[in-house]
Amino acid sequence: MSYAKGLEGIIAGETAISQINEEAGGLRYRGYALNELCEKSTFEEVAFLLLYGHLPNRAELAAYRQTLLNLRALPERLRLLLEQLPKEAHPMDLLRTSTSALGCFEPESPQRDQYAIANQLLASFASCMLYWWIFHRDGRRIDTRGGDDTIAGHFLHVLHNKTPDETHRRALDVSLILYAEHEFNASTFTARVIASTLSDFHSAITGAIGALRGPLHGGANEAAMELIQRYRTPDEAEAGILQSLKNKEKIMGFGHRVYKHSDPRSDVIKEWARKLAAMSEEGQRQFAVAERIEAVMRREKNLFPNLDFYSAIVYNRCGIPTPLFTPLFVMSRVTGWSAHIMEQRAQNRIIRPSSEYTGPAPRAIIPLAQR
Ligand code: ACO
């Protein structure tokens with residue numbers, strides 16, 4: 001039996017949802033190049049593609065947007081629960097709990113199938129997060145129904161209580177496309193493992209959120225922002241990063257298990273970060289710091305930024321508070337997770353690998369009285 005720590009290089013299953021091929025230009029969702037999807041489509045089209053297998057036509061897209069819009073309402077019992085969850089909780093804990101609670105209030109059933117649940121979670125994660133965030137900070141109980149017809153526009157509108165700038169809205173929309181799917185990453189694999197036991201949809205997504213929360217995975221976008229904000233100038237950043245590397249610290253937002261030379265998603269989001277950063281002095285300063293960190297990491301460690309690094313600047317420039325960065329990743333990746341749960345169910349065999357035993361040699365039990 002073959003063994004690789006962290007399952008590196010191990011093919012753990014089949015998928016028709018996305019394909020990573022660094023040599024052939026990066027990442028494709030159901031055969032479509034990701035950079036082309038970012039140029040020519042919107043997040044809702046990509047969500048539809050991942051869940052239903054084809055890009056929607058005009059009528060399908062309009063109907064899908066309306067479906068998602070109608071699903072933004074939260075059950076009253078969930079709103080009450082959100083009011084009870086502490087203000088100090090991390091928003092990721094809040095999304096994890098909300099998913100689990102929805103699985104109790106409105107469980108999967110023949111009347112509420114897996115597509116209905118996937119769409120409800122996709123439509124209502126922004127509602128859960130913003131309802132809780134605004135209730136605990138402004139004391140307002142927001143009406144989560146209706147609003148802008150794109151998830152990106154709706155999120156920014158509700159968060160800032162005003163119509164978003166179009167460049168900001170589109171930047172967030174593109175970031176949601178980039179975050180939507182990435183084959184057998186840790187959180188998706190978690191969802192597939194749970195689905196493979198024939199467990200319910202909400203359990204699989206709840207587990208995936210838990211896996212995404214860690215700083216080696218989705219939590220890196222928040223850590224990257226904290227890193228960028230630590231330095232006022234590029235020179236300060238260079239000195240700080242050199243010191244961190246000397247201390248053998250990991251620099252969040254750099255490196256990747258699968259990509260060896262560059263993360264193709266980073267090139268796209270970096271251009272959006274540059275565009276948004278150019279709109280203000282503070283943005284230009286942040287971008288200069290980030291570019292210097294990138295240069296030092298390339299020079300010293302031959303490491304490149306992953307999607308999380310420049311996404312942090314995009315979100316910060318959109319005025320999004322840092323604790324909401326990883327939840328935005330959830331709002332997008334729930335599409336990929338859902339597609340994978342459905343795919344796992346359709347070709348299921350329980351995922352149960354083996355382990356290499358490293359414990360004590362066989363030994364006899366000493367009776368309790370003599371231990
Ligand atoms: N900073 C400093 N050194 C690094 C970094 C980093 N960000 N990433 C890798 N390295 C070094 C390691 O220290 C190790 O060096 P060594 O061989 O001298 O000990 C070598 O590169 C290999 O690193 P591993 O951690 O073994 O690589 P692995 O494939 O297991 O991990 C991971 C990949 C988790 C992404 C890693 O690069 C990392 O921790 N990066 C920072 C966290 C991060 O940005 N995560 C986001 C991932 S992308 C996403 O979720 C969208």
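How many nonpolar, polar and charged residues does the shell around the ligand have? By class, that shell has 9 nonpolar, 6 polar and 6 charged residues. Keep in mind that this is a predicted model. Two topics are covered here: the ligand with its surroundings, and a small set of paired strands.

**Who surrounds the ligand**
- There are 21 residues around the ligand.
- Those that come nearest are Lys250, Ile251, Gly253, Phe254 and Arg257.
- As for where the ligand sits, the space it takes is the largest pocket.

**Polar contacts with the backbone**
- Leu216 offers a polar backbone atom that is 2.9 Å from a nitrogen atom of the ligand.
- With Gly253, the ligand partner is an oxygen atom, 2.8 Å from a polar backbone atom of that residue.
- Phe254 also takes part through its backbone: one of its N or O atoms there lies 2.8 Å from a ligand nitrogen atom.
- On its own, the ligand has 930 Å² of accessible area, and the protein covers 66% of that.

**How the sheet is put together**
- Three strands make up an open sheet in the order β1-β2-β3, and the pairing is antiparallel.
- β1 and β3 each have a single partner strand and stand at the edges, so one side of each is left without a neighbour in the sheet.

**The β1-β2 hairpin**
- Strand β1 runs over residues 18-21 and strand β2 over residues 26-29, and the two pair in the antiparallel sense over 4 bridges.
- To pick out one of these pairs by eye, find Ser18, whose bridge partner in β2 is Tyr29.
- Between the two strands of this hairpin there are 4 residues.
- Gly25 sits in that turn and has a positive phi of about 95 degrees.

**The β2-β3 hairpin**
- β2 also pairs with strand β3 (residues 32-33), again in the antiparallel sense, this time over 2 bridges.
- Here Tyr29 stands opposite Tyr32 in β3.
- So what does Tyr29 face on each side? Ser18 is its bridge partner in one pairing, and Tyr32 stands opposite in the other.
- The turn of this second hairpin puts 2 residues between β2 and β3.
- Arg30 in the turn has a positive phi too, of about 45 degrees.

Note on methods: Residues are numbered from 1 along each chain as its sequence is written. This is a predicted model: local features need pLDDT of at least 70, side-chain atom pairs count only at pLDDT 80 or more; totals for chains, interfaces and linings use all residues. Side-chain values use heavy atoms; hydrogens and water are left out. Two strands pair if DSSP finds at least two bridges between them. A residue is near a molecule or strand if one of its heavy atoms lies within 4 Å of it. A polar contact is a pair of N or O atoms within 3.5 Å; within protein, one must be able to donate a hydrogen and the other to accept it, and residues adjacent in sequence count only if both atoms are side-chain atoms. Accessible areas come from the Shrake-Rupley method with a 1.4 Å probe; for residues, only the protein chains shown count as cover. On a 1 Å grid over the protein atoms alone, a cavity is a set of points where a 1.4 Å probe fits but cannot get out, and a pocket is an open set with protein on both sides within 12 Å along at least five of seven lines; lining residues have an atom within 4 Å of a point. A molecule sits in a cavity or pocket if more than half of its atoms lie within 2 Å of its grid points. Ala, Val, Leu, Ile, Met, Phe, Trp, Tyr, Cys and Pro count as nonpolar, Asp, Glu, Lys and Arg as charged, and the others, Gly among them, as polar.
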